[in-house]
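This report describes surface patches and local environments in a protein model. The sequence and structure are shown below.

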Amino acid sequence: MIKLSDRPSAFDKYPVVKDDVRNALKRGGVVAVGDPEGLTELAKEAKDSFWYRLFLCHDGCPEEVVETLAKLADHWEVHYSVSFQYPRGKVDRRGAIQKLVKEGLKARIVAVPENTFACASPSCRMCKSVCPSNAIRLKEGRVSIDPDKCTSCGLCVAACPLYSLDMPGLAPNELFAAVPPAKAGAAERVVWRTPDTLSPSDFKERTLVVLGIPLRVRIIVEYFTKVLGWEYCDDEGCVRPSKAEPRRCDHSLPEDVSPLVSIKMAYSLEDFYEVVVNPKLCDACTACSEACPTRSLVLRTPTPAMVILTHLPAACVGCHACVRACPVQKKLDALGLNIKMIRVVEGEGECVWKNLVVKRIFRPKCAVCDKFLDVDVDEYINAVERFVERVSRGEFENVFDISSFLNKSEDLLKVLLCKECYSKYKQGVLPPQTVAKLVLLTVGCVYEQEGVRRGWADPVKALWHVASQLEVGGISYCSELNAYKALFGGVEFNLRGGPRQR
């Protein structure tokens, strides 16, 4: 931190000389406190040496703000490198070093944007898409920037929807940390300037003068005007404050998400987006919810057989990560079909979860014990259809016919029963007639639940005919199956198959 004197020429009384100030700016941020004329002169002198790393604070700045800015400045770093080609022919070590130093002196050393937060989604590539020099690589949850290619344009910083990138110097995240709402009384006005536009008149009482690249202007303006109730001024003019009340959103963000996203959610700042999904094409995979950086897309499973894809528009930043990650959308695009399985549209920032897709997932269960079967669903359905086909042809008249058929159809039983129950059946622990009845009711229940989904016709009358022979009443196979299993669970079977009360 530099404390300027009250003398007209600020550089005359620095504890360091001009070159030392420039070197300090190359190494990191500098906070300067002093009179308006001295601060203005310093900014204009330093504009060619990482001027966006320079904090300017009027003599009337509150001590807590100066202290916070000074602590932030200690953490700033600049990363740069120089690329060059070796001269052709034989080159000794001294010649190579001389060439490197010469190129280093000629090179325009630039500031490289920094990761303030880990990249929350590998499917969000907005920073990479806007980089004009192809300097960005996404690796291991971080944004890697090649300093030899980076031109310090700041487009990636402005494009990042989660504000995970910042330019070295006064970054918005650092600025918000320095002046949180709790200290709103420390200032009433903020002015954002460049060295060319800065003048002593900008330094007024209860004013914070910010020297830097005004990226993401809208979110910054709205933060100062709506959240803090400050007046915001830049080269385009001043914006008057209009206080905004925070909302109460029942949503938790990841721990490493930027404070700007939290502010955006709480105070309805910037545009809002909604995700629209075609439920007929969605196969309820987890790709979109895993790719969503703000967790605004959540896949819930209230029951093992049901999944619900929900969305919170208030937390959506419109990064399109879900669209890029969707495997169905990738297939549609690869086929050249103009069909949108998932898309992002402008909407309202509502604090209410919306159900986008409600799907019932069919998971085959053991006909006896209700355990989920580790079998292919198509194989299970084919086995059910083969059994129904035999019933519809009138091959079974009673439970003994079904029992005899199942005893000869080991492949069918291995599909419809779990390994434990199949082993008990083969050992005679489970009576064949009881298993036959459970298989019949299970098949009928599958037809009831999956008939509409799979385009099946209504359960054939033959099923009801055989069921009547088994003294099955009521109007639903599933209800009868549940009732019979409740009875079946309360009895123990001897090897001859006769029930015995526990």
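## Surface patches and overall fold

Leu281, Leu335, Leu337 and Ile339 make a nonpolar surface patch of about 350 Å². The model is predicted: local features need pLDDT of at least 70, side-chain atom pairs count only at pLDDT 80 or more, and totals for chains, interfaces and linings use all residues. Residues are numbered from 1 along each chain as its sequence is written, and side-chain values use heavy atoms, with hydrogens and water left out.

A negative surface patch is formed by Asp376, Asp378, Glu379 and Asp411. Patch residues have over 30% relative accessible area and no salt bridge (a side-chain nitrogen of Lys or Arg within 4 Å of a carboxyl oxygen of Asp or Glu); like charges are joined within 9 Å, nonpolar side chains within 5 Å. Areas come from the Shrake-Rupley method with a 1.4 Å probe.

One member of each patch is listed here.

| Residue | Loop between | Relative accessibility |
|---|---|---|
| Leu335 | α12 (327-334) and β15 (342-346) | 63%, exposed |
| Asp376 | β16 (354-360) and α13 (377-392) | 44%, partly exposed |

Exposed means over 50% relative accessible area, buried under 20%, and partly exposed in between. Of the 502 residues of the protein, 47% count as buried.

The protein has 19 helices and 18 strands (DSSP runs: H or I, at least four residues; E, at least two). Asp235 lies in the loop between β10 (231-234) and β11 (237-239). Beyond its neighbours within four places in sequence, Asp235 is in contact (heavy atoms within 4.5 Å) with Trp192, Arg193, Thr194 and Thr197.

Conventions: Lys, Arg positive; Asp, Glu negative; His and termini not counted. Charge placed at Lys NZ, Arg CZ, Asp CG, Glu CD. Buried < 20%, exposed > 50% of the residue type's maximum accessible area, 1.4 Å probe, protein only.
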